[in-house]
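Welcome, and thanks for taking a look at this structure. Below is a short briefing to help you find your way around.

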Amino acid sequence: MGFQTQAPVENLKRRADLLKTLRRFFDERGFTEVQTPVLSRNTIIDRHLDPLELVMALPGEIATTWYLQTSPEQSMKRLLNSGVGSIYQVGPVFRGGERGVNHNPEFTMAEWYDAAASLVDGLNLLDDLLRALLGTSSSERIRFDEAFRIATGLDLFSSSAIDLGRWSADQNLVETEDWSSDWDDWVNLIFSERVQATLGLERPVLVTHFPASQAALARVCDEDTRTAERYEAFFRGVELANGYHELLDADQLLARSVIANRQRMADGKRALPLQNPLLEAMRAGIPSTCGCALGFDRVVMLACEAGSLDEVIAFTAENA
């Protein structure tokens, strides 16, 4: 019957219990739960994330493009400027073109910002949360380049785009090494096709120190400028969370956004608006934080030992 949920009811009840656990986890640590707009005139610019758009006008205004948020990041960081302290949020986010075993265009994200937290503090908090939600032992920690080397035998930072392209062609990841001239394209391809499946098979793993060219909104590491203070969590080969020791420099964010827009257009996508109230908030001063976004549906999927997100979401895109 098409009107019914495709998910087992027991999984939806487990989902509700996990949501209570997550909220209790942050409430007990003094975080304030917030709610920010799902629909905004602005959006974070990312080469690989495509916000869903709609055109509308407020009374007395000309119709303009608005965006369903790919993450509550921009609004939550603006709140930090108000002195609210450590915050968290759980709610729907949207990403165009994403559908599969681990993807649905609308999904639930838990995102938090821990005031005055260091990179190590951020890793510890995420580790504690995963143990609370999944009942796992403490997470393994490994640097991005080390995980890359173990899975492929390649030295990440001494390998050129040509080297990575030849290796990928030899491994039948692509038909020709001319697939791309971009180093990050090759790194992303190899990581997703050869590295990720090896991660967190027995317990969660936190992969740290991503390449600086993939810093997104993280700070570049002072002690090794080839890397950024960015980290991701994986368990049983599934990416669960993405975190940053947050960038505070508005000019650096703008420069990264210009690059991301240039890459989007080269990929045949639309550029996104550069000007954003987040830049104003950063220039006015945002406190130092460590932030992280967790794919809540994926956590539920692993907790229920489900085979796909379809088994833990009440109504997926096909029957929404």
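A good place to begin is the open sheet, which is built from 8 strands in the order E1-E5-E6-E11-E10-E9-E8-E7 with mixed pairing. Strand E1 (32-33) and strand E7 (140-143) form its edges, each pairing on one side only. Please keep in mind that this is a predicted model.

**Inside the sheet**

- Strand E10 (residues 238-245) and strand E11 (residues 289-295) run antiparallel and are joined by 5 bridges.
- Within this pair, glycine 243 has cysteine 292 of E11 as its bridge partner.

**Helices on the sheet**

- Helix H1 (residues 9-28) packs on the sheet, where it touches E1, strand E5 (87-94), strand E6 (106-115) and E11.
- The direction of H1 makes about 145° with that of E5.
- Helix H2 (residues 73-80) lies across E5, E6, E10 and E11, and runs at about 25° to E6.

**A pair of helices**

- Two packed helices are described by the angle between their axes and the distance between the axes.
- For helix H7 (residues 250-266) and helix H8 (residues 277-284), the axes come within 8 Å and cross at roughly 155°.
- Angles over 145 degrees count as roughly antiparallel, and H7 and H8 are therefore roughly antiparallel to each other.
- On the H7 side, the contact is made by Ala250, Asp251, Leu253 and Leu254, while H8 contributes Leu278, Leu279, Met282 and Arg283.
- Sorted by character, the residues of this contact of H7 with H8 comprise 6 nonpolar, no polar and 2 charged.

**Cysteines**

- How many disulfides does a search of the whole structure find? The search finds 0.
- Cysteine 290 is in no disulfide, and the nearest cysteine sulfur, that of cysteine 292, is 7.7 Å away; a disulfide would need the two sulfur atoms within 2.5 Å.
- Is cysteine 290 buried or exposed? Cysteine 290 counts as buried, because its relative accessibility is 2% and the cut-off for buried is under 20%.
- Cysteine 304 is buried too, with a relative accessible area of 18%.

**A buried glutamine in a loop**

- Glutamine 214 sits in the loop between strand E8 (205-208) and strand E9 (230-235).
- With a relative accessibility of 11%, glutamine 214 counts as buried.
- Which residues is glutamine 214 in contact with, leaving aside its neighbours within four places in sequence? They are Asp184, Val187, Asn188 and Arg230.

Conventions
Residues numbered from 1 in each chain as written. Predicted model: local features only at pLDDT ≥ 70, side-chain atom pairs only at ≥ 80, totals over all residues. Heavy atoms only, no water. Axes fitted to C-alpha atoms, helices over the stretch in contact; angles between N-to-C directions. Helix = DSSP H or I, 4+ residues; strand = E, 2+ residues; numbered from the N terminus. Parallel < 35°, antiparallel > 145°, perpendicular 65-115°, else oblique. Contact = heavy atoms within 4.5 Å. Nonpolar A, V, L, I, M, F, W, Y, C, P; charged D, E, K, R; others polar. Buried < 20%, exposed > 50% of the residue type's maximum accessible area, 1.4 Å probe, protein only. Pairing = 2+ DSSP bridges.
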